[in-house]
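Visitor: I am new to this structure and would love a close look at one part of it. Could you pick out a helix and walk me through the contacts its side chains make?

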Amino acid sequence: MASVEQLRRREGVNLVQLEADIASVRTGSSIASISLPDYVEHTEGVTRVGALSAEAVIRDYESAAKEIEAMGTELIDAAQKCEALTVQVHDAIAFMRETAAGYRDEGRKIFKRIEECALFTEDVRKTCEEVKRRMKDVSVGESSNEELATQERQLTGIAAKVSVYEIPATER
């Protein structure tokens, strides 16, 4: 209360000048031209100083409220960017999974090929050994043609398909 009374006693406060200063800052020229937010209105009978003070305070609050809303808009923009980035991350993860699955499939194919080659190589080795043994038996004369025919029926893989009779006589 003491500070209010000091203002009243002081001669330096010119309310007319204060109103003129406020009007010069505003776009309108009178207090009525300053639009108030929709959620407030002047109470009938309020003094000019009270109305101007209330308007100044409500404008500060409204300005702060608009800044808060602007921050909300910025947050929405940031959230949309995050969502777009999340979609890109999900796409990248899906691509990596597809790539990994492709590598696994290719690895499986190569694994099977290597094992097939190993089996084929073992079959060729056995066939070569059998053919060498038959060649040796034929050259030494220890086996008859009937025994060779019986051995041919018992062979598997490539060895079963090759006959001693297919080998040139010069190599026997």
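**Salt bridges along helix α3**

Guide: Let's start with R125 and E122, which both sit in helix α3, three residues apart, or about one turn of the helix. Please keep in mind that this is a predicted model. R125 and E122 form a salt bridge, and their closest N and O atoms are 2.1 Å apart. R125 is partly exposed at 37% relative accessibility, and E122 is partly exposed too, with a relative accessible area of 32%.

Now look at T127, also placed in helix α3, which covers residues 48–140. T127 has a relative accessibility of 5%, so it counts as buried, because buried means under 20%. The T127 side chain reaches the backbone oxygen of D123 at 2.8 Å.

Further along is R134, which forms a salt bridge with E130, with 4.0 Å between the closest N and O atoms. These two are four residues apart in helix α3, so about one helical turn separates R134 from E130. Both R134 and E130 are buried. They also belong to a wider group: a network of salt bridges links E130, R133, R134 and D137.

Finally, visit E55 and R59, four residues apart in helix α3, again about one turn. Their salt bridge has its closest N and O atoms 3.8 Å apart. Here E55 is buried, with a relative accessible area of 3%, whereas R59 is partly exposed at 28%. For the wider picture, the whole structure holds seven salt bridges.

Notes. Residues are numbered from 1 along each chain as its sequence is written. This is a predicted model: local features need pLDDT of at least 70, side-chain atom pairs count only at pLDDT 80 or more; totals for chains, interfaces and linings use all residues. Side-chain values use heavy atoms; hydrogens and water are left out. Buried means under 20% relative accessible area, exposed over 50%, partly exposed in between (1.4 Å probe, protein chains only). A polar contact is a pair of N or O atoms within 3.5 Å; within protein, one must be able to donate a hydrogen and the other to accept it, and residues adjacent in sequence count only if both atoms are side-chain atoms. A salt bridge is a side-chain nitrogen of Lys or Arg within 4 Å of a carboxyl oxygen of Asp or Glu.
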